[in-house]
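Hi,

Here is the structure I promised to pass on. Have a look, and my notes follow below.

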Amino acid sequence: KHVAELIAAGEVVERPASVIKELVENAIDAGASAVTVEIKNGGITYMRVTDNGSGIFRDDVAVSFLRHATSKVHSQDDLDTISTLGFRGEALASIAAVSHVELLTRTQDELAGTRYVIDGGVEQICEDAGCAQGTTIVVRDLFYNTPARMKFLKKDVVEANAIAAILDRIALSHPEVSLRFLRDSREALHSPGDGKLKSAVYAVYGREFTSGLIPVDYELNGVKLWGFISKPSAARPNRSMQQFFINGRYIKSRTAMVALEEAFKGSIMVGKVPACVLHLKIAFQAVDVNVHPTKIEVRFMNEKPIFDAVYHGVKTALNQGDT
Ligand code: ADP
Ligand code: MG
């Protein structure tokens, strides 16, 4: 049972960045308007995520760390129309199985908050604690009890960069949430949370990129497309600044990438690629989000409407950008 638990944990928790992704998504699901992420040593020894969301009731705290404990899906029907980010009820259980976790949380309705400590999946402490409304989770010594996994971790700087990339995407997919990232005590990101995508793009990429943006706002066959593309003159040497989001979730989509680059064909230098931050909105039923625990690859029932919307939306924006 214990070994099975560790294997299951490995499915969700591959590296520090996957922990941060799950914890920040939980914070956003809990209605937080501000989330602070702090890491040390690439997150391997220390990760802390603080939010001002709903908090967790004392009676629900231990339950939250059980596998398949989720407050977010109640029936098979819900599974078809998932709108929250988390839904498998595996993240907290998996993280706690392979690290030392300390949680501080308080709901609006409670006078006393809760401090909960769980090591390698085993509860150690559950006690009263004074704290603000919301939740703070500290994760220490990831994979301390799974040396084989520990061996696969890269250098601190590589793990920290992976976390930074995840947080960039979260900032870009949730402009309404103020996201702050402290990397070894240095502020590496601070998005304002004013709800404007442009502000989030500015926080992530800086003024240089933001000054050369063409806005995109388009709809075709029930697919909405909005965001920003780079001017053809601001083409990049690689695809690291191509970001696609579907229904608020970062995705890797070859179809969207090909459509973007096709639309730029002829207006961009050979060997260079456009940058973009593009959001797509389509009916939940048309996206299969229940594909993989890490939920990055999303399957579409039909790729053509995605291609068409991106291609024509980007073409239209480029033409308007010309005039
Ligand atoms: P899931 O997000 O798939 O439901 P998790 O294991 O990530 O599963 O979390 C388990 C449960 O713990 C959530 O359903 C939620 O009720 C609660 N929870 C986790 N993190 C937070 C948070 N930051 N604020 C409030 N509740 C939380
Ligand atoms: Mg979750």
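How many bridges join strand 3 (residues 100-106) to strand 6? There are 7, and the two strands run antiparallel; L104 stands opposite T136 of strand 6. Strands here are DSSP E runs of at least two residues, helices are H or I runs of at least four, and both are numbered from the N terminus. Two strands pair if DSSP finds at least two bridges between them.

Before I go on: this is a predicted model, where local features need pLDDT of at least 70 and side-chain atom pairs count only at pLDDT 80 or more, while totals for chains, interfaces and linings use all residues. Residues are numbered from 1 along each chain as its sequence is written, and chains are lettered from A and ligands numbered from 1 in the order in which they are written.

Strand 6 (residues 134-140) also pairs with strand 2 (residues 46-51), antiparallel again, through 6 bridges; M47 has V139 as its bridge partner. Of the 7 residues in strand 6, 5 are buried (20 or more other C-beta atoms within 10 Å of the residue's own, with C-beta atoms placed from the backbone).

Overall, the protein chain has 11 helices and 15 strands, and 41% of its 323 residues are buried.

The largest nonpolar core (buried Ala, Val, Leu, Ile, Met, Phe, Trp, Tyr and Cys residues joined through C-beta atoms within 7 Å) has 83 residues, and I20, L280 and V310 have the most contacts inside it. This core lies between domain 1 (2-190) and domain 2 (206-322), because both give residues to it; the bounds come from an automatic or database domain assignment.

Cheers

Methods:
A residue is buried if 20 or more other C-beta atoms lie within 10 Å of its own, exposed if 12 or fewer, and partly exposed in between; C-beta atoms are placed from the backbone.
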